[in-house]
Amino acid sequence: MQDEERYMTLNVQSKKRSSAQTSQLTFKDYSVMLHWYKILLGISGTVNGILALTLISLTLLDSS
């Protein structure tokens, strides 16, 4: 009986500790992921702009 109580106490303490650690890690991970998503969004926007300008210029050259 005492072993079970001691196990439950240790188990609860380790869960509290690990949940706090994972919340900090996930916050850092989300921050890093958000940074990379912003970079990828900027790169894809630039590529889409170049492709749109190329399409417009080819359309104008073809019509003249």
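**Note on a single-helix chain**

1. Tyr 37 counts as exposed because its relative accessibility is 52%, and the cut-off for that class is over 50%. This residue lies in helix α1, which spans residues 2-63. The model is a predicted one, and the value for Tyr 37 is computed from it.

2. Tyr 37 also belongs to a nonpolar patch on the surface, where it is joined by Tyr 30, Val 32, Met 33, Trp 36, Ile 39, Leu 40, Ile 43, Val 47 and Leu 51. Together these residues have about 1000 Å² of accessible area.

3. As for the chain as a whole, it holds one helix and zero strands, and 0% of its 64 residues count as buried. The accessible surface of the chain comes to about 6200 Å², with 68% of that area belonging to carbon and sulfur atoms.

4. An unreviewed UniProt entry lists residues 39-61 under "transmembrane region", an annotation that may be inferred rather than shown by experiment. In the model, the chain over residues 39-61 is 100% helix and 0% strand, and the C-alpha atoms at the two ends of this stretch are 33 Å apart.

Notes: Residues are numbered from 1 along each chain as its sequence is written. This is a predicted model: local features need pLDDT of at least 70, side-chain atom pairs count only at pLDDT 80 or more; totals for chains, interfaces and linings use all residues. Side-chain values use heavy atoms; hydrogens and water are left out. Helices (H or I, at least four residues) and strands (E, at least two) are DSSP runs, numbered from the N terminus. Buried means under 20% relative accessible area, exposed over 50%, partly exposed in between (1.4 Å probe, protein chains only). Accessible areas come from the Shrake-Rupley method with a 1.4 Å probe; for residues, only the protein chains shown count as cover. Patches are made of residues with over 30% relative accessible area and no salt bridge: like charges are joined within 9 Å, nonpolar side chains (Val, Leu, Ile, Met, Phe, Trp, Tyr) within 5 Å. A salt bridge is a side-chain nitrogen of Lys or Arg within 4 Å of a carboxyl oxygen of Asp or Glu.
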